[in-house]
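Biologist: I'd like to learn how to read helix packing and pockets in a model. Could you walk me through one?

Modeller: Sure, pull it up and ask away.

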Amino acid sequence: MRTNILYSILFLLLLHSFLLCSCGGPDKLLKRADGALAIGEYAEAAALYKKAYTRTSPKDREKRGMVSLKMANAYQRYGNYSRALGGYRNAVRYACKDSLVFLYLADMLRQTGDFKSAAKNYEIYLSYVPGDSLAMQRLYACRQWPSVVE
């Protein structure tokens, strides 16, 4: 009888310690996600970034924007453009300080067929980096697309 109680207590202690170790904060999740991204496991990285994003306080706008940008990059790399688009929009909403977010957002909008919004975001990006010829070519293509369709 005593051994059953002892084993039960030991089992509960192990279960409790396992649960506490698995509940890492956003920083621990970000390190794991960065590692997964570095070795090419984009789906795993995106899932970890998403979990870190939900665990990051909305009041911490800078960190939330950075996590959103990384999450969107991971989604984009494995071809989930709709989720990448949402991630880039969140990065812009949380005022991510990286000007490339406008280029990436414009690329995703262009991939999904929203050429007018893509052109607008290419213009914003070009206001930060005026000499980017690739962005200028993509902006030109977005402006020409509706006339080709009509």
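Biologist: Which helix gives the largest share of the lining of the largest pocket?

Modeller: Keep in mind that this is a predicted model. Helix 6 gives the largest share of that lining, with five residues. The elements that give two or more residues are helix 4, helix 5 and helix 6 (100-111).

Biologist: What is the volume of the largest pocket, and which residues line it?

Modeller: The volume is about 160 Å³. The lining is made of Asn73, Gln76, Arg77, Tyr81, Tyr88, Tyr104, Asp107, Met108, Arg110 and Gln111. Sorted by class, that is four nonpolar, three polar and three charged residues.

Biologist: Now the helices. How do I describe a packed pair?

Modeller: Two packed helices are described by the angle between their axes and the distance between those axes. Try helix 4 (residues 61-77) and helix 5 (residues 81-93): their axes come within 8 Å and cross at roughly 160 degrees.

Biologist: Why are helix 4 and helix 5 called roughly antiparallel?

Modeller: Angles over 145 degrees count as roughly antiparallel, and this pair crosses at roughly 160 degrees, so helix 4 and helix 5 are roughly antiparallel to each other. Their crossing is left-handed.

Biologist: Which residues of helix 4 and helix 5 meet?

Modeller: On the helix 4 side, Arg61, Gly65, Ser68, Leu69, Ala72, Asn73, Tyr75 and Gln76; on the helix 5 side, Tyr81, Arg83, Ala84, Gly87, Tyr88, Asn90, Ala91 and Arg93. By class, this contact has seven nonpolar, six polar and three charged residues.

Biologist: And at what angle do helix 5 and helix 6 pack?

Modeller: About 145 degrees, with the axes 9 Å apart. The crossing of helix 5 and helix 6 is left-handed. Helix 5 brings Tyr81, Ala84, Leu85, Tyr88, Arg89, Ala91 and Val92, while helix 6 brings Val101, Phe102, Tyr104, Leu105, Met108, Leu109 and Gln111. That contact has twelve nonpolar residues, one polar and one charged.

Biologist: One last pair: how do helix 2 and helix 3 cross?

Modeller: The axes of helix 2 (residues 26-38) and helix 3 (residues 42-55) come within 8 Å and cross at roughly 165 degrees. That makes helix 2 roughly antiparallel to helix 3, and the crossing is left-handed. Residues of helix 2 in the contact include Leu29, Leu30 and Asp34, which meet helix 3 residues including Leu48, Tyr49 and Lys51. By class, the helix 2 and helix 3 contact divides into eleven nonpolar, no polar and five charged residues.

Terms used
Residues numbered from 1 in each chain as written. Predicted model: local features only at pLDDT ≥ 70, side-chain atom pairs only at ≥ 80, totals over all residues. Heavy atoms only, no water. Axes fitted to C-alpha atoms, helices over the stretch in contact; angles between N-to-C directions. Helix = DSSP H or I, 4+ residues; strand = E, 2+ residues; numbered from the N terminus. Parallel < 35°, antiparallel > 145°, perpendicular 65-115°, else oblique. Left-handed = near helix turned anticlockwise from the far one by under 90°. Contact = heavy atoms within 4.5 Å. Nonpolar A, V, L, I, M, F, W, Y, C, P; charged D, E, K, R; others polar. 1 Å grid on protein atoms, 1.4 Å probe; cavity = no way out; pocket = protein on both sides within 12 Å on 5 of 7 lines; lining within 4 Å. Points joined across faces, edges and corners; volume = space filled by probe spheres on them.
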